[in-house]
Amino acid sequence: MSSVEEFRAEIRGWLKTHLSGSFAALKGRGGPGREHEAFAERLAWERHLAAHGWTCVGWPEEYGGRGASIEEQIAFHEEYALADAPARVNHIGEQLLGPTLIDHGTEEQKARFLPPIRAVEELWCQGYSEPGAGSDLAAVRTRAALEDGRWVVNGQKIWTSLAHESQWCFVLARTEPGSRRHAGLSYLLVPLDRPGVEIRPIVQLTGTSEFNEVFFDGAVTDAANVVGAPGDGWRIAMATLGYERGVSTLGQQVGFRRELDALVTLARRNGAAADPAVRDRLTRAWTGLEAMRAAALHGTDPSAAKLYWSHWHRDLGELALEVCGPAATLAAGAPYELDDWQRLFLFSRADTVYAGSSEIQRNIIAERVLGLPKEPRP
Ligand SMILES: Cc1cc2nc3c(=O)[nH]c(=O)nc-3n(C[C@H](O)[C@H](O)[C@H](O)COP(=O)(O)OP(=O)(O)OC[C@H]3O[C@@H](n4cnc5c(N)ncnc54)[C@H](O)[C@@H]3O)c2cc1C
């Protein structure tokens with residue numbers, strides 16, 4: 001057996017044994033559009049994973065990880081999804097901030113922040129987007145200044161996923177007054193459970209809230225809590241985005257496969273499969289998923305991959321409502337109870353927006369892959 005197969009067998013066996021008893025009820029809970037589901041129980045599950053060394057498996061051993069290779073990490077995410085294990089609650093800490101600190105943090109920052117991420121004792125959120133700075137992130141206006149050995153932060157972030165469950169936020173802030181665009185920004189680690197921080201949940205189309213507005217009004221963090229040099233925040237922020245694309249794609253595709261299989265079963269059962277147009281779309285969905293899997297295994301341009309999976313998933317949401325029939329346009333219960341297909345239809349609209357919108361991905365492909373003229377910048 002290769003080491004990857006051994007690793008796969010180990011996590012598969014562990015999940016079989018441990019995703020049982022009270023944890024069995026967590027199967028399939030949480031995830032995009034459903035982050036509110038059983039959050040406290042999923043937190044307990046993730047701490048259980050941590051206690052057995054199954055968080056941060058891709059981190060180097062010296063920081064509490066398993067030093068798992070890319071292939072082993074893919075195996076981990078696939079097995080995790082195949083077991084229908086609950087969606088992770090601290091993926092932002094584990095997959096975004098952790099790798100950023102390992103590559104760019106000071107030894108003191110690593111010693112302070114990595115162990116509680118690994119143990120799932122501190123949850124993190126990502127404070128990049130602002131009302132006037134989304135796709136155009138360099139327009140960030142939140143500002144911070146060093147006063148009496150502390151950074152004092154003022155401004156507003158928006159769409160901050162899971163801020164309401166997090167203790168810390170990594171914040172991109174302007175620290176050089178009068179600086180423009182990418183210059184003069186810093187990457188600050190800011191505690192949220194202090195005065196001067198207000199978190200307001202945003203109610204989504206799905207009726208639930210998983211992202212927030214975060215207001216900083218004189219919020220403070222220690223002078224040492226800047227990653228990289230002050231003013232070098234853009235470079236660090238881009239490094240973090242690089243980890244975002246990570247290795248969990250194949251795990252995500254296991255989830256897509258489960259949704260598609262369930263939809264095919266429903267179409268067979270309710271007669272929708274008799275409609276040639278529905279059969280055609282189901283077949284296309286299957287083919288698209290095969291293409292995605294092949295592309296993920298062989299490596300592909302990240303912008304092309306993001307464009308492809310997000311549109312595939314959005315199309316699946318539309319097809320799901322078609323298969324369900326006209327009644328699917330009505331909520332099943334009051335005040336706004338959605339079934340899984342309705343939630344898929346609504347939340348998959350977000351897929352083409354977060355982690356870089358489709359238009360931005362096309363701009364990147366146009367400029368960096370096809371060598372077309374750059375669009376004018378402000
Ligand atoms: C579910 C979800 C979770 C999120 N979580 C987080 C989070 O945790 N932390 C965080 O910081 N942010 C988060 N975001 C925010 C996300 O990063 C932004 O929504 C995204 O960057 C787009 O920015 P915007 O919403 O300001 O839209 P805008 O940038 O205002 O774009 C509006 C429209 O204009 C288009 N557009 C913009 N610029 C161009 C251009 N140059 N050429 C062509 N078209 C263009 C866009 O594609 C889009 O269709 C999240 C978003 C979603 C949907």
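**Figure 1. A polar contact between the side chains of Asn 225 and Thr 221.** The two side chains meet at 3.0 Å; a polar contact here is a pair of N or O atoms within 3.5 Å, and within protein one must be able to donate a hydrogen and the other to accept it, while residues adjacent in sequence count only if both atoms are side-chain atoms. Please keep in mind that this is a predicted model, in which local features need pLDDT of at least 70 and side-chain atom pairs count only at pLDDT 80 or more, whereas totals for chains, interfaces and linings use all residues. Residues are numbered from 1 along each chain as its sequence is written, and side-chain values use heavy atoms, with hydrogens and water left out. Asn 225 sits in the loop that links strand S7 (211–222) to strand S8 (226–227); helices (H or I, at least four residues) and strands (E, at least two) are DSSP runs, numbered from the N terminus. Asn 225 counts as buried because its relative accessibility is 11%, where buried means under 20% relative accessible area, exposed over 50% and partly exposed in between (1.4 Å probe, protein chains only). Beyond its neighbours within four places in sequence, Asn 225 is in contact (heavy atoms within 4.5 Å) with Gln 109, Phe 113, Trp 168, Tyr 187, Leu 188 and Leu 189.

**Figure 2. Polar atoms of Ser 129, Trp 159 and Ser 161 beside the ligand.** Two of the short distances shown involve the backbone: a polar backbone atom of Ser 129 is 2.7 Å from an oxygen atom of the ligand, and a backbone N or O atom of Trp 159 is 2.9 Å from a ligand nitrogen atom. Ser 161 takes part through its side chain, with a polar atom lying 2.8 Å from a nitrogen atom of the ligand. On its own, the ligand has 970 Å² of accessible area, and the protein covers 67% of that; the areas come from the Shrake-Rupley method with a 1.4 Å probe, and for residues only the protein chains shown count as cover.

**Figure 3. The shell of 18 residues around the ligand.** A residue belongs here if one of its heavy atoms lies within 4 Å of the molecule. The closest members are Ser 129, Ser 135, Trp 159, Ser 357 and Glu 359. Sorted by class, the shell holds eight nonpolar, eight polar and two charged residues. Nonpolar covers Ala, Val, Leu, Ile, Met, Phe, Trp, Tyr, Cys and Pro, charged covers Asp, Glu, Lys and Arg, and the others, Gly among them, are polar. Helix H11 (residues 358–369) gives the most to the shell, with three residues. Domain 2 (124–231) and domain 3 (245–369) each supply at least three shell residues; these bounds come from an automatic or database domain assignment.

**Figure 4. Where domain 1 meets domain 2.** The assignment splits the protein into domain 1 (3–89), domain 2 (124–231) and domain 3 (245–369). Eight residues of domain 1 touch four residues of domain 2, and the C-alpha centres of this pair of domains are 29 Å apart.

**Figure 5. Arg 181 and its side-chain partner Asp 136.** Arg 181 is placed in the loop between strand S4 (168–174) and strand S5 (185–191). With 17% relative accessibility, Arg 181 counts as buried. Its side chain makes a polar contact of 2.8 Å with the side chain of Asp 136.

**Figure 6. Arg 118 in helix H5 (residues 107–118) and the residues it touches.** Arg 118 is partly exposed, since its relative accessible area is 22%. Although 68 residues separate Arg 118 from Ala 50 along the chain, their C-alpha atoms are 6.5 Å apart. Setting aside neighbours within four places in sequence, Arg 118 is in contact with Ala 50, Gly 53, Thr 55, Cys 56, Trp 59, Tyr 63 and Gly 64.

**Figure 7. Thr 283 within helix H8 (residues 276–298).** The Thr 283 side chain reaches the backbone oxygen of Arg 279 at 2.6 Å. Thr 283 counts as partly exposed, at 48% relative accessibility.

**Figure 8. Two loop residues with positive phi, Asp 84 and Asp 148.** Asp 84 is not a glycine, yet its phi is about 60 degrees. Asp 84 lies in the loop between helix H3 (70–82) and helix H4 (91–104) and is partly exposed at 25% relative accessibility. For Asp 148, also not a glycine, phi is about 50 degrees. Asp 148 belongs to the loop joining strand S2 (143–147) and strand S3 (150–158), and with a relative accessible area of 77% it is exposed.
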